[in-house]
Every structure is written in structure tokens, then in C-alpha cells.
Amino acid sequence: MHWKIGIILFGSCLFLLSGAGFLFVKIVLRPKDDSDLDDYHFEFEDRHPQLARYNRWYRITFIGVVIGMLILFLAIMF
């Protein structure tokens, strides 16, 4: 198999999996309106466990999408 095809397959799989994970995080893990987030002072919101988990997975999946796009771009360019 040509090396470019392998890189394109890896980049596209990373992009698709991270994109699906990103949508899952945005839809399912986002803190709901009935959460106790309003009880936390705005300076300490990052200590709320549900918001911290949402922010961590949001960053991980977003970085995966960006890296997948970069890999695909580099594979197409070279």
C-alpha cells in the first residue's frame, strides 16, 4: 500500500471519530439547565465536576478533529 493512502486513511479515521465524539460531547455531556452550576460562584465554576468533565472531553475531541484535518491536509499537499 502506498504511504499516502495509509496517511489519508489514518487522518480520515481520526477526523471522523473525533468529530462524532465532539458531537456526542456537545449534545450529551453539556451541563443541563437544571444542574447546580448556578450555585457555584463564577470564579469556581471550573471545580464543578460535570463542567470539568465536559471541558476536558470538549478539548480532547476538538484537538482530535484539528489534528485529523491537518493530517489530511498534509497528505493531500505532499
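Start with the contact map of this predicted model: for contacts with a separation of 6 or more, 72% are between residues 24 or more positions apart. Keep that in mind as you switch to a cartoon view, where the protein chain shows 2 helices and 0 strands.

Now put a surface on it. The accessible surface of the protein chain comes to about 6,100 Å², and carbon and sulfur atoms own 70% of that. Colour by burial next: 22% of the 78 residues count as buried.

**Stop 1: helix 2**

Select residues 49-77. That's helix 2, with 29 residues. Draw a distance from its first C-alpha to its last and you should get 42 Å, close to the 42 Å expected at 1.5 Å a residue.

Which residues of helix 2 are buried? Show L51, Y54, T61, G64, V65, G68, I71 and A75 as sticks. Then bring up residues 3-29: this is helix 1, and it is part of what covers those buried residues of helix 2.

**Stop 2: the aromatic rings**

Hide everything but the aromatic side chains. The structure holds 4 aromatic pairs, and two of them get a visit here. Two numbers are enough to follow along, because a pair of aromatic rings is described by the distance of the centres and the angle of the planes.

First, select F22 and F62. Their rings form a tilted pair, 6.1 Å centre to centre with 45 degrees between the planes. This one links distant parts of the chain: F22 sits in helix 1 and F62 in helix 2, 40 residues apart. Is F62 buried or exposed? Neither label fits: F62 counts as partly exposed because its relative accessibility is 43%, and the partly exposed class lies between the 20% and 50% cut-offs.

Next, select Y54 and Y58. This pair is tilted too, at 5.9 Å centre to centre and 35 degrees between the planes. Why are these two separated by about one helical turn? Because they are 4 residues apart in helix 2. Colour the two by accessibility while you're there: Y54 has 10% relative accessibility, so it counts as buried, whereas Y58 is partly exposed, with a relative accessible area of 28%.

**Last stop: the cluster**

Select F22, Y54, Y58 and F62 together. Ring pairs link these residues into a cluster. Leave helix 1 and helix 2 in the cartoon as you look, since the F22 and F62 pair has one ring in each, while Y54 and Y58 both belong to helix 2.

Conventions
Residues numbered from 1 in each chain as written. Predicted model: local features only at pLDDT ≥ 70, side-chain atom pairs only at ≥ 80, totals over all residues. Heavy atoms only, no water. Buried < 20%, exposed > 50% of the residue type's maximum accessible area, 1.4 Å probe, protein only. Contact = heavy atoms within 4.5 Å. Areas by Shrake-Rupley, 256 points an atom, 1.4 Å probe, with all protein chains shown as cover. Expected span 1.5 Å × (residues − 1). Phe/Tyr/Trp six-rings, centres within 6.5 Å; stacked < 30°, edge-to-face > 60°.
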